[in-house]
Amino acid sequence: MADCLCDRDLHRSVGMSDLSSLLAVGFRFPGDDSLPSGLADGSFLKDWCASWEDACIGESFDEKIVSECAEVFARADHAAMRREYSRLFLAPGADVPIWPYESAFRHDAAGKDDVPNLFRTRATVDVEQQMADAGVRPKHVRTEPCDLCATEFEFLSYLYARWGEAVRVACSDSDAGCEGGGPSEWGRRIAAFSDEHVLKWIPQFFSQVRKQSRIPEYRILAKLGECYVSELSSDARRFSS
């Protein structure tokens with residue numbers, strides 16, 4: 001692999017892996033105050049901008065959105081975020097404004113009125129299988145559906161990290177192969193998981209969060225997510241070709 005391409009892909013892998021991790025943190029229930037604290041002290045936004053520059057090879061994140069984030073995040077409130085997360089994603093029965101699980105969200109988007117099954121659906125089974133094939137087992141697989149949005153972002157973070165490691169090995173002078181396959185194999189996994197799962201619902205999920213959240217923290221986190229989805233879509237096309 002050419003040195004220039006190697007360097008670009010290594011930066012891309014690190015940046016996209018870190019962006020995925022940040023979204024996983026942003027859309028998991030804020031049980032403690034680490035997320036609102038990270039928003040308020042500026043560390044989350046700083047990490048996001050640095051990761052974006054890695055992913056986009058030196059391109060700075062949109063300054064207008066950065067300013068909007070800084071203003072909103074400075075006022076992040078733990079109690080308010082817990083209440084709003086619970087209202088948006090954890091309401092009892094079928095009255096959930098926005099399902100945070102892929103299968104349930106897609107079930108609702110299809111116009112079905114009954115309460116969706118959260119475990120052992122076609123989507124959850126395939127998500128779990130793709131994770132297992134990549135050497136991953138979700139931490140809470142017995143108590144929480146593995147197609148939770150945060151878990152899918154964590155898996156993408158892992159896939160990008162493995163792709164980056166495969167790129168590093170392929171670009172080195174070492175004759176050793178990369179365990180689990182080369183860059184094309186890990187790129188294929190990113191494209192497959194993106195096309196078959198994440199891109200099937202996460203764009204609409206972010207759109208719904210922006211429309212329905214009563215507090216600006218989740219609206220702006222969803223806006224960041226929409227920017228990420230654009231980059232993920234680009235990679236999915238690249239790795240599928």
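From the N terminus on, the elements of the protein chain run α-α-α-α-α-α-α-α-α-α. The chain therefore counts 10 helices and zero strands, since helices and strands are taken as DSSP runs. The model is a predicted one, and what follows describes that model.

Consider the overall form. Along the principal axes, the C-alpha atoms of the protein chain fill a box of roughly 55 × 40 × 30 Å. The radius of gyration of the protein chain is 18 Å, which agrees with the value near 18 Å that a compact globule of 241 residues would have. Of those 241 residues, 47% are buried, where buried means under 20% relative accessible area. The surface that the protein chain exposes comes to about 11700 Å², and carbon and sulfur atoms supply 48% of it. Contacts can also be sorted by how far apart their residues are in the sequence. Among contacts between residues at least 6 apart in sequence, 73% join residues at least 24 apart.

The next topic is the space at the pockets. Rolling a probe the size of a water molecule over the atoms shows where empty space is left. The largest pocket has a volume of about 430 Å³. It is lined by 21 residues, and the closest to its centre are Arg28, Lys139, His140, Thr151 and Glu154. Helix H8, which spans residues 149-171, gives the most to this lining, with four residues. Sorted by class, the lining of the largest pocket has 14 nonpolar, two polar and five charged residues.

The second largest pocket holds about 220 Å³ of space. Its lining is made of 13 residues, of which Ser103, Arg106, Thr121, Arg122 and Ala123 are the closest to its centre. Three elements give two or more residues to this lining: helix H6 (102-109), helix H7 (122-133) and helix H9 (183-212). By class, the lining of the second largest pocket divides into three nonpolar, five polar and five charged residues.

Helix H9 also contains His197. With a relative accessible area of 3%, His197 is buried, because buried means under 20%. Leaving aside residues up to four places away in sequence, His197 touches Glu102, Ala123, Asp126, Val127, Gln130, Glu152 and Ala192. One of these, Ala123, is also among the residues closest to the centre of the second largest pocket. A further distance can be given for His197: its C-alpha atom and that of Gly15 are separated by 21 Å, and the two residues are 182 residues apart along the chain.

Two residues in loops deserve a look for their backbone angles. Ile57 lies in the loop between helix H3 (43-55) and helix H4 (63-73). Although Ile57 is not a glycine, it has a positive phi of about 55 degrees. Its relative accessible area is 37%, so Ile57 is partly exposed. Arg120 is found in the loop between H6 and H7. Phi of Arg120 is near 55 degrees, again a positive value in a residue other than glycine. Is Arg120 buried or exposed? At 58% relative accessibility, Arg120 counts as exposed, because the cut-off for exposed is over 50%.

Technical notes
Residues numbered from 1 in each chain as written. Predicted model: local features only at pLDDT ≥ 70, side-chain atom pairs only at ≥ 80, totals over all residues. Heavy atoms only, no water. 1 Å grid on protein atoms, 1.4 Å probe; cavity = no way out; pocket = protein on both sides within 12 Å on 5 of 7 lines; lining within 4 Å. Points joined across faces, edges and corners; volume = space filled by probe spheres on them. Nonpolar A, V, L, I, M, F, W, Y, C, P; charged D, E, K, R; others polar. Rg over C-alpha atoms; globule rule 2.2 N^0.38 Å. Buried < 20%, exposed > 50% of the residue type's maximum accessible area, 1.4 Å probe, protein only. Contact = heavy atoms within 4.5 Å. Areas by Shrake-Rupley, 256 points an atom, 1.4 Å probe, with all protein chains shown as cover.
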